[in-house]
Protein chains: 2
Amino acid sequence: MAYQKIDQLIEEKRDSSIEELSRLCAQPSVAAQHLGIEECAVLVADSLRARGFEAQILLTGGSPVVFGERKGRTDKTLLVYDHYDVQPPEPLDLWESPPFEPTLRDGRLYARGVADNKGNFAGRLLAIDALLDAEGELPCNVKFVVEGEEEIGSVNLEPFVRSHQELLAGDVCVWEVGGVDHMDQPIQMLGMRGICYVELRARTANQDVHSGTGGSIFPNAAWRLVWALASLKDKDENILLPGFYEDVIPPTEREKELLAQGPEMIAFYKEKYEIDHFLKGINHELELAIEGVYEPTCTICGLTSGYQGEGSKTVLPAEARAKVDFRLVPNQTPEKVLAQLRAHLDAHGFDDIEIVDLGGNPPAKTDPDHPAVKIAVDAAKDVYDKPARVIPMVGGSGPNFMFKTYLDVPIISSGAGDSESGAHAPNESISLDLYVKSAKHFARILKLMESYKGL
Amino acid sequence: MAYQKIDQLIEEKRDSSIEELSRLCAQPSVAAQHLGIEECAVLVADSLRARGFEAQILLTGGSPVVFGERKGRTDKTLLVYDHYDVQPPEPLDLWESPPFEPTLRDGRLYARGVADNKGNFAGRLLAIDALLDAEGELPCNVKFVVEGEEEIGSVNLEPFVRSHQELLAGDVCVWEVGGVDHMDQPIQMLGMRGICYVELRARTANQDVHSGTGGSIFPNAAWRLVWALASLKDKDENILLPGFYEDVIPPTEREKELLAQGPEMIAFYKEKYEIDHFLKGINHELELAIEGVYEPTCTICGLTSGYQGEGSKTVLPAEARAKVDFRLVPNQTPEKVLAQLRAHLDAHGFDDIEIVDLGGNPPAKTDPDHPAVKIAVDAAKDVYDKPARVIPMVGGSGPNFMFKTYLDVPIISSGAGDSESGAHAPNESISLDLYVKSAKHFARILKLMESYKGL
């Protein structure tokens, strides 16, 4: 069998690869908190150099981008997009082991960022090590672009990609996320929703006031914020910004056909998250699949104001803040949503509510019938027990639009995630078994690039 | 002059009294956080015993009540209600000196609880020390009831007062708060609004979820809470609980007449809190005074949900909580408001919102023409530069209703507070000058009790 030697090397190198991954995860790199970013960028660059990549740490104005390139046997180029930054680890008390002390339990490695997406990056290095050991060279050129602000909306990546189109040019791009669904079926995710992430801030006085004195007569920042938020979306999930839905285009028939091949999720979600219903009364699998991806959202991600400790404190808050994300579907854009949000708030008497733009990007997707998708699907064939399932778009967001827009490259996915990974949640983890499989999958993608013809 | 010797003794003892007050304030006693309560009760009991009071620490099921009694020259009894618990000190970063390290700056003592109400308690001890030094005995019986849960709604005091009516019986009661307004005019506060303090809790799943996956399909606790809150009060400050206003009675003509004697507050509030308008467009002094006291409120005191750190985190919160206080005016009751709140939430589809009752009490007031009020006003005459102003009711709340209901005692006030005191806010403080004046005022009240006739 063609991949026998490579697979064997991947298995042999697994433990040292997990050690390398653990070192990466032990380095906090929380972009939202400016924590450990530079240190992690250096680790990533060093790990690429250790495989003979020419690696550079390139400044962006925010977290630096690590770029690494190694020539291969052919003139085909695989571009890999990963990120070394991670979500904030809070709430800390829900972690069973500390988020930055990678811990093995029952065949899984637990750490903040291990699934999203340091484990995928390390798995690709494992595949490269095996290929170099087996063949002395790589089947194609490989370029890594590893950024440090994915979890805060890739706020500085767009000008970087725009101004480095030649450096980043490639035939196919492997995206940061990938893995299997909750039925252990490998998945190919070809598109992502866009996002517009804002903080809404209300400020009504220069200090908190005793609620006895001020309750009847002083403006209350928490009330201002609550009323402003309530004006954005009604209880039936209708987003009330004027014009918000006007650019929304529904999924194609082909996309719906692919979505219909997905596993049943209703019972799974209900059990996993202990929820008893879905929004809008949805109780039908395909409807849920479409709603979860092709409808835009307005999600309150956080609220903070006044007294939040135990018991009671009779205070009238001078300040209140909400984190809000809008997930965008084709052809919405964050610029337009930001403008709609400002106009809506002003029109409803909330010109006192400040909007802080925390980053965003438009949605983007790859044609499910592109030949690059065939490579990714074929590469999964003898690695996983089940054939790969193509998912035309997912609910999450990322900077894939930049690669579509400036590099015109098809985007496929490969990674070690599964339904237990808990990206963004406490106790984020990956399965070691899937870690090995992701390395094998990536190695095959590299091999298949040798004979890639494109469109 | 009759009080010359007593006043001189008060001034001589001022510094050692401030030291005693500082020891009291250095002892954290945050009822909401169960912090230092027992330790502070012991300090209070010891300080009473040091003045020859028989003091007991009486259990209530929550924070203990300190009761102290010393017989006097006459059979008249002055009851003093104080509390040794304090508000939580948060937000800590806004304190110029640590909240539990009492610090003197520019003639003021800064510490959590120094104004509300440890400074008033210590000032009364200073007056008692001077009287005992001057006369060897007290002019009347004095009873102290010093509770430890005032800042959390006196949740265990009502059964205590009800079951200790004989122990607590008195002719006049001095209330915990008192002092001067921002024009340095001494004030007599004769009534307090009631309060109903609740925490509203929404819980929609067993864990937070990535907002990309769940935003379109999973219920969001923060949204549930925001919608529920927005249903409670509209932007024009109308509280929407059915029946909420039906028990509200307007102020009497006598009360309005007294309110009209108050100082101008509009310019003062605007400058102090840097606010540019009042609720409901009010811009008239008497209107503001009436609104601030005789209208019930619904105040959001705190909001907490999901991610509250720097930058962005794309999470769909499983849990959200709000602290809400309703200030009640005659003849509202917290029991009825709680029932109205539950009925309202249920009727609006918010039966998933949990209401946690964090304590409450009804409003209560003393007749401004009661002879006890004359004592308090007369006692202020040669202490302050201005005559005392009678305030029929204030915006704040307290357990005064229990004393009205079970002890049938008129309630007057005496204390060291001023407009800079910042009760409940960071940098709480008292003026040392007013501290001495409050002791002199209290000493005069004791002396005037000798000839008190009652109604």
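The points below go through the domains, the pairing of the two chains and one sheet.

1. This is a predicted model, in which local features need pLDDT of at least 70, side-chain atom pairs count only at pLDDT 80 or more, and totals for chains, interfaces and linings use all residues. Residues are numbered from 1 along each chain as its sequence is written, and chains are lettered from A and ligands numbered from 1 in the order in which they are written.

2. Chain A is assigned domain 1 (4-190 + 366-449) and domain 2 (193-248 + 296-361); such bounds come from an automatic or database domain assignment. Taken over C-alpha atoms, the centres of the two domains of chain A are 34 Å apart.

3. Ten residues of domain 1 of chain A are in contact with nine residues of domain 2 of chain A, where contact means that the C-beta atoms, placed from the backbone, lie within 7 Å. On the domain 1 side, strand E18 (residues 394-397) of chain A gives the largest share, three residues. Helices (H or I, at least four residues) and strands (E, at least two) are DSSP runs, numbered from the N terminus.

4. How are chains A and B related? A turn of 180° and a shift of 0.0 Å along the axis lay chain A on chain B with an RMSD of 0.0 Å. The two copies are thus related as by a two-fold rotation axis. The superposition is by least squares on the C-alpha atoms of residues with pLDDT of at least 70 in both copies. In chain A, Thr304(A) comes closest to the rotation axis, at 2.4 Å (C-alpha).

5. The contact between the chains takes 78 residues from chain A and 76 residues from chain B. Strand E12 (residues 299-306) of chain A supplies the largest share of the chain A side, eight residues. Because 97% of the interface residues of chain A are also interface residues in chain B, the copies meet through the same surface.

6. E12(A) is joined by five bridges to strand E12 (residues 299-306) of chain B, and the two run antiparallel; strands pair if DSSP finds at least two bridges between them. Ser305(A) has Leu303(B) as its bridge partner in E12(B).

7. Within chain A, three strands form an open antiparallel sheet in the order E4-E5-E20. Its edge strands, E4 (103-105) and E20 (429-431) of chain A, each pair on one side only. Strand E5 (residues 108-110) of chain A and E20(A) pair over three bridges, and Leu109(A) has Ile430(A) as its bridge partner in E20(A).

Note on methods:
Contact = placed C-beta atoms within 7 Å.
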